Amino acid sequence: MHSLAHEIQGFSKSRLKKQSTCVTTATGKRLLETRNDAGEEHLESLDEGCGIVLDHSLDLQVGVVRPFLLLASQDAAHDMETLRTHQVTHVLNVAYGVSNPFPEQLVYKTVQILDLPDTNITAYLEECSSFINQAREQNGVVLVHCNAGVSRSSSIVIGYLMAQEKLSFDRAHSQVQSARPSARPNAGFYRQLLHYKP
């Protein structure tokens with residue numbers, strides 16, 4: 001009988017497949033990391049001559065869906081000047097792992113949602129809607145954001161309009177998109193909202 005320990009001892013490193021890993025640094029630089037047989041690391045830049053232009057400009061565009069309901073990216077949510085301009089009092093953060101920088105000045109609610117098509121977005125709508133309604137009842141202005149202000153936050157706002165204002169999916173979707181043209185729920189969220197019956 002062959003034991004696992006025996007198999008491991010007889011295993012040759014040369015039989016291992018060479019592995020390369022693409023690493024993106026904090027500054028957005030892309031590197032290819034490979035290791036040689038001696039275990040030494042080799043880094044090679046992938047950015048030269050790729051024709052990729054990294055956009056480091058901040059997305060401070062705020063979509064005004066209703067006077068009390070705004071939609072934006074985390075950039076806008078982290079920019080006090082933008083928040084003041086739009087008289088934001090409440091922030092609904094539906095990103096994953098994004099901080100709330102002004103807890104002294106604003107009322108925050110964080111609901112960590114993953115931007116994956118199989119995430120059940122409709123399961124979060126009631127909790128998010130009650131926070132939006134709370135802001136509205138206090139004559140506040142709520143900013144809903146995720147990372148890019150494209151999929152999760154727009155889905156929450158579309159669901160809110162469907163549940164609270166009894167809008168059809170198409171009407172809610174087009175109103176959100178006209179307020180923030182980059183708003184695009186991922187395919188799974190789109191399907192879920194299309195069949196959502198509040």
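A salt bridge is taken here as a side-chain nitrogen of Lys or Arg within 4 Å of a carboxyl oxygen of Asp or Glu. In this predicted model, the side chains of Arg-180 and Asp-59 satisfy that criterion, with an N to O distance of 2.5 Å. Arg-180 is located in the loop between α6 (169-179) and α7 (187-194), and Asp-59 in the loop between β3 (41-45) and β4 (63-66), so the bridge ties together parts of the chain that are 121 residues apart in sequence. The two partners differ in their exposure to the surface: Arg-180 has a relative accessibility of 0% and counts as buried, whereas Asp-59, at 25%, counts as partly exposed. The limit that matters for this assignment is 20% relative accessible area, under which a residue is called buried.

Application of the distance rule to the whole model gives three salt bridges. Another of these is formed by the side chains of Glu-165 and Arg-66, with 2.7 Å from N to O. This pair also links distant parts of the chain, given that Glu-165 belongs to helix α5 (residues 152-165) and Arg-66 to strand β4, 99 residues apart. Here again a buried residue is paired with a partly exposed one: Arg-66 is buried at 17% relative accessibility, while Glu-165 is partly exposed with a relative accessible area of 28%.

The remaining bridge joins Lys-109 to Glu-127, whose closest N and O atoms lie 3.2 Å apart. Lys-109 is part of strand β7 (residues 107-110) and Glu-127 of helix α4 (residues 125-137), so the contact ties together a strand and a helix through residues that are 18 positions apart in sequence. In this pair both partners count as partly exposed, Lys-109 with a relative accessible area of 23% and Glu-127 at 36% relative accessibility.

These pairs are set within a chain of seven helices and eight strands. Of its 198 residues, 37% are buried, a class that includes Arg-180 and Arg-66. With regard to contacts between residues at least 6 apart in sequence, 55% join residues at least 24 apart. The separations of 121 residues for Arg-180 and Asp-59 and of 99 residues for Glu-165 and Arg-66 may be read alongside that value. The accessible surface of the chain amounts to about 11900 Å², and carbon and sulfur atoms account for 52% of this area.

Methods: Residues numbered from 1 in each chain as written. Predicted model: local features only at pLDDT ≥ 70, side-chain atom pairs only at ≥ 80, totals over all residues. Heavy atoms only, no water. Helix = DSSP H or I, 4+ residues; strand = E, 2+ residues; numbered from the N terminus. Buried < 20%, exposed > 50% of the residue type's maximum accessible area, 1.4 Å probe, protein only. Contact = heavy atoms within 4.5 Å. Areas by Shrake-Rupley, 256 points an atom, 1.4 Å probe, with all protein chains shown as cover.
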